[in-house]
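Let's work through a few exercises together, each with a solution you can follow step by step. Keep the structure open while you read.

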Amino acid sequence: MELFSHLALGANVALSPYNLLYCFIGVLLGTLIGVLPGLGPMATIAMLLPITFGLDPVTSIVMLAGIYYGAQYGGSITAILINLPGEASSVVTAIDGHKMARQGRAGVALATAAIASFCAGTVATVVLAVFAPPLAAMAILFGAADYFALMILGLVASIALARGSLIKAIAMALLGLLLGLVGTELTTGAQRFTFGIPALTSGINILAVAMGIFAIAEIGRNIDEQRRGVKGSYKLTSLWLTRIDVMRILAPIVRGTVLGSLLGVLPGGGATLASFAAYTLEKKVSRSRAELGEGAIEGVASPEAANNAAAQTAFIPMLTLGIPSNPVMALIIGALIMQGIQPGPGVINSQPELFWGLIVSMWVGNLFLIVLNLPLVGLWAKLLAVPYRVLFPIIIVMSAIGVYSINNSVFDIVLMAGFGVVGYVMIRLDFEPAPLLLGFIIGPLMEEYFLRALTISRGNPGTFVESPISIGLLAVAVIGLVVTVVPAVSKRRETVFVE
Amino acid sequence: MTLNGREIISGLTVLVIGIGACFLSLRISSSGPWIQGPMSFPLIISILLSLSGLGILARSFFVAAVDIPALPLRPLLVVVAGCVLFSVLIVPLGLVPSVALLVLISSFADDRPRIVESLVLAAIMALVCYLMFTVALSLPMRPFGAWLPF
């Protein structure tokens, strides 16, 4: 079968000692940074991105994937042990996981998270291997207008899934699009929004945006939270699950995996949506739903399976269409572009080593997570005892050097600080950062397809509603927006995200 | 009815940015049919942004103010100042002293900074960064810059 020869090729790449080593380092570093309170996968990847630049493209994406899973698991450790979820995707884990820790079952909760993640990761790897190639083949049928519609759908999805006011999320997505356009327009060389600053002619550095908004702006909040919150930290206990525990987590893992694999592919989806949805589902169908919220093991197993499955299947639209479905994927696309690879339908055929190597290394990364993190979990837990006043100067130094090292541009450091201020204002005014970052990444791509479609149609804007694919995608986007403003749904949406 | 201050400020901020972006977009030089040029996409987005600002303003009259947790300003200001100083000093002073300085400044983000602890941390970080970025990753950053005699 073709699939097996592809996977063999991938194994050949992923299991080469060199890539294996970097996958290992990626998982290790990802967990190391991800476990620190207040740093979610987003900030972790942003901080560690520069160290992948010197590597060849395949190794760098293998390492990035490792960093991503490591960071996500690290976030779960923090959520369970000290109830400080680094990113929205581990908020759900904290609900029951931290209760379990208080009941003296922290070790079981951590082991459950690792096992659930591994099972889900294995399934999602197969899903990715089976479904990505046909999707990429289909994507070749997409015209410029269809791509444009698809990106609108992606933006709308990220808006609909943002917490809080819809119109404010729209504003953030639009602002992100504009920020993405700063710099020299490629076909005409026109300068846009550069304010005559030479350093801006090549555009805004994505890391400056990501680290400013996700790391710098949050430092004040984290200093505050740590001062109040860390008393709730719990000691590690035995990692072994009892037979009853194992029986209880089987069904939730399956449910979480299926749900996560599906939701990860959706534009705007990804780990956060998946873990929320999985928890909601458990509340409806689980046999022990009455215990959920009081330290039920299902409340850890299902969301952890879901967020890991989704983290993995989110690579499908990224690799096949070149469209990021969430901010983490946006950052990884940014890294690939810096490596000279434009993700899109062609990648599978033009870079088979990269594509299949990545798929196999995803599974390897998950394996590392379980064999590495469970024995080391005591060490990670010790890291949580390091006071934040020691951690945050380290975070700032690593961010500043990281952002500087990309272009050797001191201006980028100032820009990062500037986006720290922007992020602070956004928090104060209750704006969500995720749509902004997605817009920022998608902006140039969206304009490219916008102009290409108009060139083909000789300037007729009607082209965007001509092809059935484009009409279909735009219709889904419109329905998505309308549905979120329907009072019943918007009320539900609020309760889901407030919980 | 009480005015929802935060939403009004939010709306005005977005509106001002949107209108400013409209003007900047109109100044982009474009030849040929405007819709196919470099001006059209930014202009459309800017107009939509302005409209969303108006939308936020309009909505502010209908929604009640919700409390969000306060966020201390001091850490941000300290960190921003530290980063700006770091950007000025990294080339002339070099990596090692700039890192140490940034760590020292950052520690004042906490309103009870511990000077001795910060000095130790600054020394460790300077050494770690030297080993990691200059020695291991061989990034083009001089450990000590031209302003220093060695």
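**Exercise 1. Find the contacts of A:Asn366 outside its own stretch of sequence, then place the residue.**

Step 1. Skip the neighbours within four places in sequence, and A:Asn366 is in contact (heavy atoms within 4.5 Å) with A:Tyr69, A:Ser117, A:Phe118, A:Gly121, A:Asn308 and A:Gln312.

Step 2. Now place it: A:Asn366 sits in helix H17 of chain A, residues 352-383. Helices here are DSSP runs of H or I with at least four residues, strands are runs of E with at least two, and both are numbered from the N terminus.

Step 3. A:Asn366 has a relative accessible area of 1%, so it is buried. The cut-offs are under 20% for buried, over 50% for exposed and partly exposed in between, with a 1.4 Å probe and protein chains only.

A quick word on the ground rules. This is a predicted model, where local features need pLDDT of at least 70 and side-chain atom pairs count only at pLDDT 80 or more, while totals for chains, interfaces and linings use all residues. Residues are numbered from 1 along each chain as its sequence is written, chains are lettered from A and ligands numbered from 1 in the order in which they are written, and side-chain values use heavy atoms, with hydrogens and water left out.

**Exercise 2. Describe the overall build of chain A.**

Step 1. Count the elements: chain A has 22 helices and two strands.

Step 2. Check the size. Along the principal axes, the C-alpha atoms of chain A fill a box of roughly 65 × 55 × 50 Å. A compact globule of 499 residues would have a radius of gyration near 23 Å, and the 22 Å of chain A agrees with that. (The radius is taken over C-alpha atoms, and the globule rule is 2.2 Å times the number of residues to the power 0.38.)

Step 3. Look at the packing. Of the 499 residues in chain A, 61% are buried. Among contacts in chain A with a separation of 6 or more, 78% are between residues 24 or more positions apart.

**Exercise 3. Work out what A:Ile95 touches.**

Step 1. A:Ile95 belongs to helix H5 of chain A and, at 26% relative accessibility, counts as partly exposed.

Step 2. Not counting residues up to four places away in sequence, A:Ile95 touches A:Tyr279 and A:Gly293.

Step 3. Try a distance too: A:Ile95 and A:Ala296 are 201 residues apart along the chain, and their C-alpha atoms are separated by 9.4 Å.

**Exercise 4. Which parts of chain A does the salt bridge between A:Asp245 and A:Arg105 tie together?**

Step 1. Start with the idea: side chains of opposite charge can pair when their charged atoms come close. The test for a salt bridge is a side-chain nitrogen of Lys or Arg within 4 Å of a carboxyl oxygen of Asp or Glu.

Step 2. The side chains of A:Asp245 and A:Arg105 pass, at 3.3 Å from N to O. A:Asp245 is in helix H11 (residues 243-265) and A:Arg105 in the loop between helix H5 (91-102) and helix H6 (106-139), so the pair ties together parts of chain A that are 140 residues apart in sequence.

Step 3. A:Asp245 is buried at 4% relative accessible area, whereas A:Arg105 is partly exposed at 26%.

**Exercise 5. Explore where chain B meets chain A.**

Step 1. Begin with the contacts: 62 residues of chain B touch 61 residues of chain A.

Step 2. Add the area. The two chains bury about 5300 Å² between them, 80% of it on carbon and sulfur atoms. (Buried area is the accessible area, with a 1.4 Å probe, that two parts lose on being put together, summed over both.)

Step 3. Count the salt bridges between the chains: there are three. One of them pairs A:Asp430 with B:Arg6 (4.0 Å, N to O). Another salt bridge pairs B:Glu117 with A:Arg389 at 2.7 Å, N to O. B:Glu117 lies in helix H5 of chain B and A:Arg389 in helix H18 (residues 388-407) of chain A, so this pair joins two chains.
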